[in-house]
Amino acid sequence: MLHRYDTVIVGAGLAGMRAAVEAQAGGSCCVLTKVFPTRSHSGAAQGGIAAALGNEDEDDWTLHMFDTVKGSDYLGDQDAIEILVRAAPDAIIGLEHMGTPFSRTPAGRIAQREFGGHTRKRACYAADLTGHVILHTLYEQCLRHAVRFFPEFMVLALAIEEGACAGVVALDIATGELHTFRARAVILATGGYGRAFRISSNAHANTGDGLSVAARAGLPLEDMEFVQYHPTGLFPSGILVTEGARGEGGHILNGAGERLMERYAPKMMELAPRDVTSRAIQSEINEGRGIGGGAFVHLDIRHLGAEKIMKRLPQILDLALRFAGVDALREPIPIQPTAHYSMGGIPTDNDGRVRRDAAGAVVPGLYACGECACVSVHGANRLGCNSLLEAVVFGERAGRAACADLPRLGWAAFPPAAEAGVRGDLAALADGQGREPFARIRDDLQEGMQRNCGIFRSEGPLREQLDIIRRLKERFAAARLTDRGRRFNTELVEMIELRSLLDFSEIVVAGALARTESRGAHYRTDYPRRNDADWLRHSLAWTGPEGPVFDHVPVRITRYEPKERKY
Amino acid sequence: MTESLGKYTFRIFRYDPERSARPRRDTFEMEVSRGMTVLDCLQAIKAEQDGTLTFRRSCRSAICGSCAMNINGKNDLACHLQVALLRGRRIAVEPLPGYPVIRDLVVCMDEFYDSLMRVLPWFVRKTGFPDRELPQSPADRDRIDNAVNCILCGSCTSSCPSFWYNNRSIGPGALLKAFRFIFDSRDEARGERLALVDGRDGVWRCRTVYNCEEACPKGLRPNEAIAALKIAALKETV
Ligand SMILES: Cc1cc2nc3c(=O)[nH]c(=O)nc-3n(C[C@H](O)[C@H](O)[C@H](O)COP(=O)(O)OP(=O)(O)OC[C@H]3O[C@@H](n4cnc5c(N)ncnc54)[C@H](O)[C@@H]3O)c2cc1C
Ligand code: FES
């Protein structure tokens with residue numbers, strides 16, 4: 001089936017729906033999303049969204065900017081960060097005017113709390129359900145603006161003809177039919193991709209499909225080696241316990257009952273940035289100082305008192321009880337670091353236009369925003385609460401840029417073979433001759449990434465992981481699809497998702513191997529120092545027949561020269 | 001943490017109209033360990049025993065609302081239900097009642113989503129905006145706390161006899177959404193919305209069976225919201 005829209009948005013999280021509200025004003029527009037809009041993973045964001053509103057502490061955008069630059073270990077592009085933080089207060093007020101039910105101060109203002117790496121109370125929140133309330137509010141706004149949704153449509157390929165984006169090919173999951181969407185502008189907003197790791201805070205749907213379709217269309221991915229591990233995932237599932245728990249005053253304790261951060265970040269303690277805190281916890285665990293020598297430590301919030309916990313952290317109370325069997329009012333919560341956020345992604349300029357090379361040339365008609373994109377505002381390590389902000393600010397900018405560009409964007413010729421190509425791919429997926437169920441391949445990938453490409457990395461294990469991934473790709477080619485139905489074939493969906501995971505995981509590992517330094521979330525035990533002389537630059541990686549091929553882009557520094565990072 | 005709880009039997013509703021017009025129930029046995037949720041078990045069955053078993057899931061942390069289904073007779077989220085807490089070793093898993101089944105445990109929720117459209121499901125402000133946020137006291141914000149936490153899983157409306165009987169009924173899920181705006185001190189379409197829910201298909205269709213209260217996996221109380229809406233409708237609409 002063929003559809004035609006001026007703008008096609010892929011993804012209905014904060015980024016995609018914010019873009020839709022904008023794009024709707026400038027022409028026909030639709031949103032394709034593989035899960036129903038309100039089921040997007042933005043809804044799982046708990047802690048908050050950052051903006052220097054100054055409602056609880058004196059604050060201004062320059063402080064927010066410095067914290068973000070420092071948090072990024074100086075790899076963030078400072079012009080982009082400046083755009084982000086200066087737009088933040090208006091973006092939050094804009095969300096409030098759409099009806100977002102933020103928590104309030106006694107004076108009736110939007111409440112703000114502390115968050116790791118931020119030196120002021122800057123995180124605007126709604127209890128510990130911040131992403132949820134914003135996601136639902138944006139969905140309501142899309143309904144109000146009569147945005148056309150195609151829910152449970154999974155995009156399988158980008159159509160690029162003569163260098164310009166002409167649309168996408170998508171699978172209607174409910175019927176199994178392929179649909180072709182011709183468009184003048186396509187905005188990718190497919191979100192995070194933490195499912196490559198065994199212990200992850202991410203939803204099952206966070207498989208990096210957007211990255212995979214971009215890479216398969218011959219486009220580069222940027223800074224993929226930077227994966228953020230959140231310090232406080234529930235043990236054993238990896239489900240998130242918000243940093244807000246520490247923002248409100250929670251303590252992290254090792255097996256000896258000591259506040260372990262004293263040893264690693266004596267000034268900021270539990271509120272040090274995530275890379276520092278996760279390494280601290282993992283070191284304690286590796287050195288046998290976990291609880292009872294085990295693979296977890298404790299997050300203790302008991303001293304905050306029942307009233308505060310029930311008011312500000314109700315979801316945590318529920319999650320701890322249901323997933324760890326722990327009553328957080330009376331017992332400490334068992335936690336471990338969990339793969340959480342991906343700083344890298346599809347390279348874009350400051351208006352979401354996708355860059356195709358190190359010189360910054362863009363792909364006409366293609367945009368990306370939110371977690372799947374790399375602007376880069378987070379550099380080597382994202383500060384908490386800056387990614388919801390990024391999704392909203394750059395979602396809006398990408399939507400607006402697409403509208404503004406429409407007059408210049410024609411209807412690029414649609415490659416006639418695009419849909420047939422996807423059909424062929426699907427047939428090949430279904431026809432593996434082997435006997436191995438593909439779920440085992442996914443388990444092996446997640447286990448290997450966890451072991452060999454985690455918080456502490458070094459050459460040997462990274463090389464091993466590259467080998468593992470190459471072998472997994474061979475096994476994948478032979479794996480078998482048992483479900484031959486067309487209607488709501490979730491096995492097929494999972495198999496395509498696994499293909500995405502394999503595609504970008506190889507780039508994550510190759511990038512980590514290439515980057516012979518430690519910076520932000522990327523830590524090499526064999527290169528434990530940051531090396532600005534060689535590595536103050538972004539990586540761009542293309543998928544080649546022999547594995548990933550790299551190029552580099554300088555970091556844009558406007559205000560703050562790199563310094564050593566201390567907390 | 002991997003202490004085994006022994007063998008469990010899952011009796012699961014199956015329906016695939018491509019293969020047969022008639023639904024059936026399949027039983028699967030599996031070894032369950034402590035900490036496993038019903039969703040973990042469904043995923044293990046799909047990965048190891050039957051790749052065609054079909055259900056929705058995403059966040060696996062009780063916030064996205066994808067995995068609502070009927071488990072041992074109660075609507076709930078498969079992802080937050082520990083198997084260890086269920087009574088007995090036979091677990092019956094059915095799709096949410098009241099919605100057409102697409103395949104196995106996946107239902108078509110269009111009727112539920114459409115019901116939202118009947119209560120003007122977005123924030124309305126007529127008198128304009130200040131430069132800053134609209135002020136709201138913590139107490140006013142607290143009044144809608146319950147309702148803003150709704151994850152649109154559809155469990156409540158699925159359990160409502162008035163909705164089964166007549167799907168023109170707005171149903172508890174959408175009424176909770178109406179409450180969310182009508183009792184939001186910042187919203188300015190209270191009158192219009194009250195008129196929308198005041199009709200025969202709105203709050204008065206509710207026969208106070210309270211199934212929705214029991215069905216809500218998030219512990220929200222659509223029934224209380226409906227009661228508040230009834231009082232407001234009586235007082236404020238003519
Ligand atoms: C547990 C958790 C807590 C977090 N807490 C915070 C926080 O407190 N503050 C903060 O700032 N950040 C937080 N983050 C990070 C933040 O939530 C995400 O970075 C952000 O929400 C991403 O938004 P997005 O719109 O880019 O993607 P998402 O919300 O993930 O949306 C992605 C969309 O893409 C669609 N999609 C994906 N693939 C396809 C495909 N092939 N075809 C069609 N559609 C597709 C999906 O259906 C979905 O609609 C948290 C992250 C996690 C995991
Ligand atoms: S999987 Fe999201 S609510 Fe259960």
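Helices (H or I, at least four residues) and strands (E, at least two) are DSSP runs, numbered from the N terminus. The structure described here is a predicted model, in which local features need pLDDT of at least 70, side-chain atom pairs count only at pLDDT 80 or more, and totals for chains, interfaces and linings use all residues. Residues are numbered from 1 along each chain as its sequence is written, chains are lettered from A and ligands numbered from 1 in the order in which they are written, and side-chain values use heavy atoms, with hydrogens and water left out.

**Confidence**
- The model has an ipTM of 0.98 and a pTM of 0.97.
- For chain B, the mean pLDDT (the predictor's confidence in each residue, from 0 to 100) is 95, and 99% of the residues reach 70 or more.

**Surroundings of ligand 1**
- Ligand 1 is surrounded by 37 residues (each with a heavy atom within 4 Å of it), and the closest are A:T33, A:S40, A:S42, A:E371 and A:S387.
- This shell consists of 16 nonpolar, 17 polar and 4 charged residues. Here Ala, Val, Leu, Ile, Met, Phe, Trp, Tyr, Cys and Pro count as nonpolar, Asp, Glu, Lys and Arg as charged, and the others, Gly among them, as polar.
- A polar side-chain atom of A:S387 is 2.7 Å from a nitrogen atom of ligand 1.
- Oxygen atoms of the ligand lie 3.0 Å from a polar backbone atom of A:A15 and 3.3 Å from a backbone N or O atom of A:A189.
- Ligand 1 taken alone exposes 1000 Å² (Shrake-Rupley method, 1.4 Å probe), and the protein buries 97% of that.
- In chain A, α1 (14–23), β2 (29–33), β7 (153–161), β14 (333–342) and α10 (386–405) each give two or more residues to the shell.

**Helix α3 of chain A and its flanks**
- A:D73, in the loop between α2 (61–71) and α3, has a positive phi near 55° although this residue is not a glycine.
- The 20 residues of α3 (78–97) should span 28 Å at 1.5 Å a residue, and the end C-alpha atoms are 29 Å apart, which agrees. The expected span is 1.5 Å times one less than the number of residues.
- At A:A88, shortly before the proline A:P89, α3 has a kink of about 45°; the bend is the angle between axes fitted to the seven residues ending there and the seven starting there.
- A:G99, just after α3, has a positive phi of about 110°.

**Cis peptide bonds in chain A**
- The bond from A:F235 to A:P236 is cis, with omega near 5°, and A:P236 sits in the loop between β11 (227–234) and α6 (244–247).
- The bond from A:V375 to A:S376 is also cis, with omega near 10°; A:S376 belongs to the loop between β18 (373–374) and α10.

Note on methods. A polar contact is a pair of N or O atoms within 3.5 Å; within protein, one must be able to donate a hydrogen and the other to accept it, and residues adjacent in sequence count only if both atoms are side-chain atoms.
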